[in-house]
Amino acid sequence: VAGPCRKHRTDERLRMSVKRKEARNGFAEIAPGTRSVQRPEQEQGEQKLVLRMELRSDPSALSVVRGAMERVAELLGFTAEETRAIVRAVDEALANVIEHAYEGQGGLPIAVTCSRVRGGDAKRGEGLEVVLEDEGNAAEASELKGRDLEELRPGGLGLHFMRSAMDQVEFTRNGGKNRLRLVKYRHLIPAHSCK
Amino acid sequence: VQIAARSSDGLIILDITGDIDLAHSPQMRKLLMSEIKEKGTPKVFLNFTHVRYIDSSGIASLVEGLKASRDKGSRLILYALNKNVYEVMQLSRLQKIFEIYETEEQALTS
């Protein structure tokens, strides 16, 4: 269903900026031909920037982001199952921004920033932090609650997918901007031995 | 996403190719609802062999289709789901709600 400003979409282009890591860190260029962010490598305490994408609120951006997230998760050493979960969580988060925060309106800004974070304890290894930022509507409290899965009805599963996939899901709003922080750690001890 | 249709007496098979996400689930939903609600097709099969990914909007479209088929007394049958798609069905706790088969042969003889 076309949003009120769908006509503007044709004029909008997906702009994806990729932060390339140096070869010594084991990172390759993720999307050849994309523009790199023109700023020095960001290192905030235990965080290291891996990738920053500046997108527009167009559903066609979803497949691009899924592809990029799959590469990022693989490069950070996540298993195939963990990688699928991360891709799913970020995809659902981005779809929520497009569909709810921006109410389906195209051409509006979304930033996705992926950083390498340290685990900080014996069970958690290095992790991936993904931060999505937008300037859309604030989420309603009911939208952040999720829903009962026993109920057979369409919709309301996105948040459940995010929480199932990630170790941390934090939503904040500040200065008219929404910020969703998703973190997943590589688990060093097999789940069956954690009691 | 591309959807091709194969039909026979009382049934239709929709061969879906691509990712069923927010960009493409409306197309699948429209076709599904047309077969179930408007045409009243007794058996609608969805072939997922070439579906790499499905998101919650795709699942919502399937649930809507399932509810419509129950209302009509018809059947909505899914088959050949890959690991990624089946995981999403499990996460949604829908793997036992939908009729799901491994192969087309199993689905058609069900």
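**Entry 1: chain A**

How many helices and how many strands does chain A have? I went through the secondary structure of this predicted model and found three helices and six strands in chain A. Reading along the sequence, I noted the pattern β-β-α-α-β-β-α-β-β for chain A.

Next I looked at burial and contacts. Chain A has 195 residues, and 44% of them are buried. I then took the contacts in chain A between residues at least 6 apart in sequence, and 63% of these join residues at least 24 apart.

**Entry 2: confidence**

I checked the scores before going on to side chains. Where pLDDT is low, the predicted coordinates should not be read in detail. For chain B the mean pLDDT is 95, and 100% of its residues reach 70 or more. The model as a whole scores ipTM 0.90 and pTM 0.79.

**Entry 3: where chain B meets chain A**

I turned to the interface and counted residues on both sides. On one side I have 23 residues of chain B, in contact with 25 residues of chain A. The area buried between chain B and chain A is about 2000 Å², and carbon and sulfur atoms give 60% of that area. Which residues of chain B lose the most area to chain A? My list reads L22(B), Y53(B) and L91(B), which together make up 31% of what that side buries.

I also looked up the polar side of the interface. Between chain B and chain A there are eight residue pairs in polar contact, with both residues at pLDDT 80 or more. Two helices of chain B, α2 (56-72) and α3 (83-91), each supply at least two residues of the side that touches chain A. Helix α2(B) gives the most to that side, with eight residues. Sorting the side of chain B that touches chain A by class, I get 11 nonpolar, three polar and nine charged residues.

**Entry 4: salt bridges across the interface**

How many salt bridges does the rule find across the interface of chain B and chain A? I wrote down four. I looked at R66(A), which forms a salt bridge with D21(B), and their closest N and O atoms are 2.9 Å apart. This pair did not turn out to stand alone: R66(A), D91(A), D19(B), D21(B) and R52(B) are linked in a network of salt bridges.

**Entry 5: salt bridges within the chains**

Over all chains the count comes to 17 salt bridges, and I followed up three pairs that lie within a chain.

In chain A, R71(A) and E74(A) meet through their side chains in a salt bridge of 3.7 Å, N to O. Both residues lie in helix α1 (residues 61-75) of chain A, three residues apart, which is about one turn of the helix. R71(A) counts as partly exposed because its relative accessibility is 34%. E74(A) is partly exposed too, with a relative accessible area of 39%.

My next pair in chain A was R181(A) and E170(A), whose side chains meet in a salt bridge at 3.1 Å, N to O. R181(A) lies in strand β6 (residues 177-187) and E170(A) in strand β5 (residues 168-174), so the pair ties together parts that are 11 residues apart in sequence. Is R181(A) buried or exposed? R181(A) counts as buried, because its relative accessibility is 16% and the cut-off for buried is under 20%. Its partner E170(A) is partly exposed, at 36% relative accessible area.

In chain B, I looked at R29(B), which forms a salt bridge with E64(B); their closest N and O atoms are 2.8 Å apart. R29(B) lies in helix α1 (residues 25-38) and E64(B) in helix α2 of chain B, so this pair ties together parts that are 35 residues apart in sequence. I have R29(B) as partly exposed, with a relative accessible area of 34%, and E64(B) as partly exposed at 23% relative accessibility.

**Entry 6: I100(B)**

My last lookup was I100(B). Where does I100(B) sit in chain B? I placed I100(B) in strand β5 (residues 99-101). At 23% relative accessibility, I100(B) counts as partly exposed. Leaving out residues up to four places away in sequence, I100(B) touches L78(B), L81(B), Y86(B), M89(B) and Q95(B). I also took the C-alpha separation from I100(B) to L62(B): the two are 38 residues apart along the chain, and their C-alpha atoms are separated by 12 Å.

Notes
Residues are numbered from 1 along each chain as its sequence is written. Chains are lettered from A and ligands numbered from 1 in the order in which they are written. Side-chain values use heavy atoms; hydrogens and water are left out. Contact means heavy atoms within 4.5 Å. Buried area is the accessible area (1.4 Å probe) that two parts lose on being put together, summed over both. A polar contact is a pair of N or O atoms within 3.5 Å; within protein, one must be able to donate a hydrogen and the other to accept it, and residues adjacent in sequence count only if both atoms are side-chain atoms. Helices (H or I, at least four residues) and strands (E, at least two) are DSSP runs, numbered from the N terminus. Ala, Val, Leu, Ile, Met, Phe, Trp, Tyr, Cys and Pro count as nonpolar, Asp, Glu, Lys and Arg as charged, and the others, Gly among them, as polar. pLDDT is the predictor's confidence in each residue, from 0 to 100. Buried means under 20% relative accessible area, exposed over 50%, partly exposed in between (1.4 Å probe, protein chains only).
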